[in-house]
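Work through the exercises below with the sequence and the coordinates at hand. Each task is followed by a stepwise solution.

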Amino acid sequence: MLLAGPPPTAAGDSRKSDIRLVSEHFSQSPQKLSFYSWYGSARLFHFRVPPDAVLLRWLLQVSRGSSPACANVEITVYFRYGAPPVINPLGTSFPANTSVQSPFFIKMLQSNASINISHPAPGDWFVAAHLPPSSQKIEMKGFAPTCAYIFQPDMLVVRAVEVFILEPDVPLPQTLLSHPSYLKIFIPEYTRELRLELQGCVSNGSLGCPVRLTVGSATLPRNFQKVLTCISPTWACHLFLPSPPGDRWLQVTAKSLAGPHVLVAFRAIAALTACRPWNLNSQHLLQSSPNQSCNASTGLLPPSPGCHGLGRSSRVGGGPFCLVSYPVIREDMDVVSVRFWPADRVSVLVRPATPSVMRLYLSTGMDSGGSLTISLQANKTAITNNTLVAVCLNAASPFLGFNTSLNCTTAFFQGHPLSLSAASRKADLIIPYPETDNWYLSLQLVCPESPEECEHASVLVETTLSLVPCLNDCGPYGQCLLLRRLSYLYAGCSCKAGWRGWSCTDNSTAQTVAQQRVATLLLTLSNLMFLAPIAVSVHRSFLVEASVYAYTMFFSTFYHACDQPGEAVLCILGYDTLQYCDFLGSGVSIWVTILCMARLKAAQKHVLFLLGTLIFAMSLQLDRRGAWNMMGPCLFAFVVMVTMWVYRCGRRRHCYPTSWQRWVFYLLPGISMAAVAVAIYTSMMTSDNYYYTHSIWHMLLAGSAAFLLPPREQHTKPWACSQKLTCHYQICKNHRKDLYTVT
């Protein structure tokens, strides 16, 4: 099915194109790939394959930047029909009772690749791609070298425009020479069996039937196409397909195996066996009566063969009832959130004669972006030790063969088996990203050891059926996020505190509650180091600087208290507000510290304080995590400081600051602490050591500010701010005119 080489000219002879085939090309805008950390890191593409497609080819292209950081990396591309692929690159565990199929994927080491699929299923197809798993290192935007990997898939479809309609019980003559013949047959809903047979097959006038029939369409990750090869003329060439997918066209391709110039003729016959469901609608509920002796369930089940009136009507149209169809109410709760329940009742009555079937409508186009959850519970006293409630959940068609097998396999799909017994009266099933289709829940009472016990038994099974965006809303250590690709919506879990997995249930690397509390205390209490620059600022009458440090200490403390996952969380304001204020305070603290060291005049200094704060507010609104949005203004302040120091050095003809004690005991320690803080912030932080390294960053930033603040003015006394707040008469000195006035 999958070929790596170039596709054939058409689906037939390579030397001569088939005029019955047309090609169509579909493309989508490229996306930038990301290193994988959770499902939102994968880039999803949604295509729709038209009907009667005989060949599908994916053209995969990857382009990368020209910077030296752009190395050859392995790109993983996933393919799936009907729903987004369920991927697990990190090897984490899924929640209990989750049914997951291994996705089909390829790994690209080059810039181009192609995948061919013969006879693809029409409908939704999804392609997902991502880079290798991301490292734990926290890189600051603008400092670390980056490379852009752009991925674009194109879809080339070869479609048949001449398709023969195969009607039930009507022979269809066909002649094969060099090109295959394309047929299709419509399968009504609730078809019990399909029989395909080739009759009167002749090859160049002699007996024999060198024909290969390919029935059904290819799907990924698993393919359930049926292939029938007819070679020997001694036995009938036929194919039985139980429970084929209903209410759709079934593709059949006939190809000659006799050679390019050998004529093969045959007749194709299709026979359908109908399955008449007993529909429990409101009319049956109103007409049912407790006095009916032929049905103990008051008309809620199909009549038994001994019931004369309904028994005769049950065979009108060819055959007895083969299943009991329970009407299901679908309630749309929200985006990718649906609830199902049986009409007029909560429980489903399960009998041994025929399966009880519920149809779940998941065909709106948006239902494949969540998780389908099934929860069944039987009555405690209804199930005996020898009875078993067999359950099958299938897509496209219901499973009806409980009497012969319990493998839940239909014509083209493998279902999900469940069971209820005396030892286990409850069963749960979770299907992430279910295929876009009609799903059928089939239940039947079976007695493997003593079938006679099931003749008059029945069991009530309570059902809880729903489609949710995220299972349990991703739990306490995750966040359910709604993702979008063009008009398609799907959900995924973003985990925290070391929890991983599809629903944040894998605790192999999770932090304990004690570790979470220690991390919160480290990140919050480390901000108390700002009390040192606050005290120094007040002591030296730098009131504006002291207020900025106090602002930074307050919002950094409560931002990190709100930023923690799990139980150790305290949010006094919105998370986004606290984060913005924390980033703003950190940048302005560096800004005012450097300008204060420049020793500008009071008016100039305060104008730059205000102007820098406004610039920081604007730049953080543009890009909060951009490195140069914060470092740019700080570098400008550093240039101003160096300029003023050089100016003073030239005017005084002496190095500034003039005291060697100032350099040794204040400037050099402060500069060293600031350099170490910048090195830790830009290159040493990882997800594992974030709580320690970021706490050290807090202490180094506050400590460097305390060391770098310049000494007070010579005419200013220590704690002079307290003298300015008095309410009695005092002597005020004018330093310009040396005059004294009484106020």
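**Exercise 1: a hairpin and its neighbour**

In the hairpin formed by E24 and E25, 2 residues lie between the strands, and Val-336 adopts a positive phi near 55°. The model is a predicted one.

Task: State how many bridges join E24 to E25 and in which direction the two strands run, parallel or antiparallel. Then find the strand that 3 bridges join to E25.

Solution.
1. Strand E24 covers residues 328-334 and strand E25 covers residues 337-342. The two are joined by 6 bridges and run antiparallel.
2. For a residue pair across this hairpin, take Arg-330, which stands opposite Phe-340 in E25.
3. E25 is also joined by 3 bridges to strand E33, residues 459-468, and this pairing is antiparallel.
4. A residue pair here is Val-338, which stands opposite Leu-467 in E33.

**Exercise 2: strand order in an open sheet**

Task: Give the order of the 6 strands in the open sheet and name the edge strands.

Solution.
1. The order is E22-E23-E27-E32-E29-E30, with mixed pairing.
2. Strand E22 (276-279) and strand E30 (416-420) are the edges, since each pairs on one side only.
3. From one strand to the next, the twist averages 30°.
4. Inside this order, strand E23 (residues 321-326) and strand E27 (residues 356-362) run parallel and are joined by 3 bridges. Tyr-326 stands opposite Met-358 in E27.

**Exercise 3: annotated spans**

Task: List the residues that the UniProt record annotates as "transmembrane region", and give the helix content of residues 628-647 and of residues 690-709.

Solution.
1. The unreviewed UniProt entry places this annotation on residues 628-647, 663-684 and 690-709.
2. Residues 628-647 are 100% helix and 0% strand, and their end C-alpha atoms lie 27 Å apart.
3. Residues 690-709 are 95% helix and 0% strand, with end C-alpha atoms 28 Å apart.

**Exercise 4: a nonpolar surface patch**

Task: Identify the residues of the nonpolar patch on the surface, and decide whether Leu-668 is buried, partly exposed or exposed.

Solution.
1. The patch is formed by Trp-660, Val-664, Phe-665, Tyr-666, Leu-668 and Phe-707, which together have about 590 Å² of accessible area.
2. Helix H9, residues 660-684, supplies the largest share of the patch, 5 residues.
3. Leu-668 is found in helix H9. Its relative accessible area is 44%.
4. Buried means under 20% and exposed means over 50%, so Leu-668 at 44% is partly exposed.

Terms used:
Residues numbered from 1 in each chain as written. Predicted model: local features only at pLDDT ≥ 70, side-chain atom pairs only at ≥ 80, totals over all residues. Heavy atoms only, no water. Patch = residues over 30% accessible without salt bridge, like charges linked within 9 Å, V, L, I, M, F, W, Y side chains within 5 Å. Areas by Shrake-Rupley, 256 points an atom, 1.4 Å probe, with all protein chains shown as cover. Salt bridge = Lys/Arg side-chain N within 4 Å of Asp/Glu carboxyl O. Helix = DSSP H or I, 4+ residues; strand = E, 2+ residues; numbered from the N terminus. Buried < 20%, exposed > 50% of the residue type's maximum accessible area, 1.4 Å probe, protein only. Pairing = 2+ DSSP bridges. Axes fitted to C-alpha atoms, helices over the stretch in contact; angles between N-to-C directions. UniProt positions renumbered as here; feature names shortened; annotations may be inferred.
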